[in-house]
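Student: I've got a model open and a pile of labels I don't really trust. Can we go through where they come from?

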Amino acid sequence: MTARVDAPDAGLKLRGITKRFGPVVANSDIDLDIAPGEIHCLLGENGAGKSTLMNVLYGLLQPDEGEISIDGEPVRIANPRDAMARGIGMVHQHFMLVDPFTVAENLMLGREEGPLGVLSTARARQRVRELSDRYRLAVDPDAVVGELPVGVQQRVEIIKALANDADYLIFDEPTAVLTPQEIDELIAVMKDLRGEGKAIVFITHKLREVREVADRTTVIRRGAVVGEAEPGASEAELAEMMVGRAISLTVDREPAQPTGVRLAVDNLTITAPSGVVVVDDVSLDVQGGEILGIAGVQGNGQSELAEALIGLVPITAGTLTLDDRDITRFDPKQAIRAGIGYVPEDRKHDGFVGSFSVAENLILNQFDERPYARGPALDGRAIAANAAQRIEEFDIRTGSAATPVQTLSGGNQQKVVLARELSRPLSLLIASQPTRGVDVGAIEFLHKRIVAERDRGTAVVIISTELDEVLALSDRIAVMYRGRIVGIVPGGTPRDVLGLMMAGVPYEEATATRSDDA
Ligand SMILES: Nc1ncnc2c1ncn2[C@@H]1O[C@H](COP(=O)(O)OP(=O)(O)OP(=O)(O)O)[C@@H](O)[C@H]1O
C-alpha cells in the first residue's frame, strides 16, 4: 500500500468553513489544507477569525457551513473528544488546565474527555516523564499546575496534547505569553514534532517567528482567506498582506523633552507573602515627557514594581512620590484618581470585566465620575458617545458597543484596555506588555499613541519582555535582575549589552565583554 503521506488527499482539509456569531461573520467560506510534516502558519489581524477557525477544527464550535476531511475521509468533529480521537490536539491561548491539581492529575482528568480514558496516577506520572524526556519539555509530574510559571504551564498543555497521540497540533498564539528564551525552546520543540511527521498549525503575531518556522503561511483578513504568502516573504511583505496596507515596523519619535521628575521611587522593597524579597531596594525617577522602559527576564520583580505603583501589592519599605505627593499607601482607586493609567500584564484578570459590554469596560473605574455619572444614575448617552469614539479611534473590531468584552478576539480585548487607559488625563502611565497579542497594524498605532502620551508631558513606564518593544519606545532603560536594578542606561543601548545586563552583569562589564568580542 502507498504510504499515507504520499496519497494526494493525505492530511487535513477544511473546505468552505463559515461561522457566524449573530451579525458577525467570523469565518467566511474558508479553505485550508494542513499536510503531515509541515508547520502551517495562520496569519491575520486581530479579529480576523483565526481562533474561531481553530475552535471549529477542534470541535469547540460547530460551523454553519463547510466540511472537514482527514486523509480524504469526511469527518464530523462534534466536540474535542472527537477531535482527539481523530488525532487533533490543541494548545490553547488561554490554558485549560486545572490549577489546584498536579501535572499528572491534569493528564488523568483528560479535561476534554480524551481517549486516555481512565489512567492510574502511576501511569500518568510515567507518561509525563516519557514525554518530557522525549521532547525536552522539562516538567515535574508532581508539581501543582497553579504554582507553575506560564511557560511551564504551556509545556503541560503540549504534553497533554501529545499524550493523546495527536498527529495534528494546533498552537493558538503560544508565544504571546512566553519569554524570548521560552520562545526559542518552544520553536525547537515544534521543529522536532515536524521532524516526526506531525502537522502543526501555528498562530502568532510575531512575524519573525513566522519567517523562522513556517513551511507555509495562509493569511486571513476579515474572516476570509486572502492567500498564501510567498515562501521567504519579508516581515514587511507579510505585514502588508495581513493588514492590507504598508505599515511601519519601527517607531518614529523625536528625542524626549523631559520636563522634570514626576515619579520618584525611593528604596522600594516588596516582600511576597512567601517571605521572598521580590523587589529589593529599588530607586528610580521618571520625568514628565519621558518613557522609561523596564527590561528583564520575566519574574525578576518588574510585575510587582508595576503593581506597587498602582496600589495592587503592599509595599514593605520605601516611598513612592508622584508630582511631589506621597502615594506610597494609595489603593488602586486613589491611584487612578491621582492620574495613574495602568495597562496590566494579565488583561483577563485585572484589565476588564468580561461579562460587561465594550462601552462599560471603556469607562470602568469612571462609573462614578462626570460625565458618565449623573447623580446616582448613569448617563447612557455619554457612555455611548465615548464608546463610539474609542471604537473608531482604536479600531476595536466588535459587533457593537453593547457586545460583552469576553466575546471579542484577544487582540481586540487588549485594545479596549489601552483605549480606556489612554483616554483620560494622566500624570503617569504604567503599561505592562502593552501590545501582547496585538497585530502589527495595531502595534504601529498603539506605539504612536504611547509616544504621543509622552509628548503631552506624561511620565511613562513601559514593562515588556519584548526587547524590541523596550528598544523601540524607551528614552532610558532600567534593567532588573532578581528584584534589583542592574543599571539604568540610555534608550539606544545595544541588545546584547541589555541581554547581558538581564542576566545580572553590570553595564560597564557588559560593554567591556562586548568590545572584547568585537
Ligand atoms: N463567542 C463569540 N460570540 C460572539 N462573537 C465572537 C465569539 N467568538 C468570536 N467572536 C467574534 O468573531 C470574530 C473573530 O474572532 P477570533 O477570536 O476568531 O479572531 P482572531 O483572528 O483569533 O483574533 P486575535 O488575533 O485578536 O486573537 C471577532 O469579531 C470576534 O469578536
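Tutor: Sure, starting with a sheet: 4 strands form an open, antiparallel sheet in the order 2-1-4-5. Bear in mind that this is a predicted model, where local features need pLDDT of at least 70 and side-chain atom pairs count only at pLDDT 80 or more, while totals for chains, interfaces and linings use all residues. Residue numbers start from 1 along each chain as its sequence is written.

Student: What makes something a strand here, and what makes two of them a pair?

Tutor: Strands (E, at least two residues) and helices (H or I, at least four) are DSSP runs, numbered from the N terminus. Two strands pair if DSSP finds at least two bridges between them. Strand 1 (residues 12-21) and strand 2 have 7 bridges, so they pass that cut-off of at least two. One match in strand 2 is Val25, which stands opposite Arg20.

Student: How do you know that strand 4 belongs in there?

Tutor: Count its bridges again: 5 join strand 4 (residues 65-70) to strand 1, and the two run antiparallel. In that pairing Leu14 has Ile68 as its bridge partner. On to strand 5: 3 bridges tie strand 4 to strand 5, also antiparallel, with Ile70 opposite Glu73.

Student: Why are strand 2 and strand 5 called edge strands?

Tutor: Strand 2 (24-34) and strand 5 (73-75) each pair on one side only.

Student: What is special about Asp71?

Tutor: Asp71 takes a positive phi near 50° in the hairpin of strand 4 and strand 5, which has 2 residues between the strands.

Student: Why is Asp64 called partly exposed?

Tutor: A residue is buried if 20 or more other C-beta atoms lie within 10 Å of its own, exposed if 12 or fewer, and partly exposed in between, with C-beta atoms placed from the backbone. Asp64 has 14 other C-beta atoms within 10 Å, so it is partly exposed. You'll find Asp64 in the loop between helix 1 and strand 4.

Student: How do you know which residues Asp64 touches?

Tutor: Contact means that two C-beta atoms, placed from the backbone, lie within 7 Å. Leaving out residues up to four places away in sequence, Asp64 touches Thr18, Lys19 and Arg20.

Student: Is Gln433 buried or exposed, and why?

Tutor: Gln433 has 25 C-beta neighbours inside 10 Å, so it counts as buried. Gln433 sits in the loop between strand 19 (428-432) and helix 15 (440-455), and its phi is near 45°, a positive value in a residue other than glycine.

Student: And Asp323: why does that one get its exposure label?

Tutor: Asp323 has 16 C-beta neighbours inside 10 Å, so it counts as partly exposed. Asp323 also has a positive phi, about 50°, although it is not a glycine.

Student: Last one: how do you know which domains the ligand lies between?

Tutor: Domain bounds come from an automatic or database domain assignment. Domain 1 (4-243) and domain 3 (352-424) both give residues to the shell around the ligand, so it lies between them.

Student: What makes a residue count as near the ligand, and which come nearest?

Tutor: The C-beta atom, placed from the backbone, has to lie within 6 Å of the molecule. There are 18 residues around the ligand, and Asn46, Ser51, Thr52, Ser409 and Gly411 come nearest. Strand 2, helix 1 (50-57) and helix 14 (410-421) each supply at least two residues of the shell.
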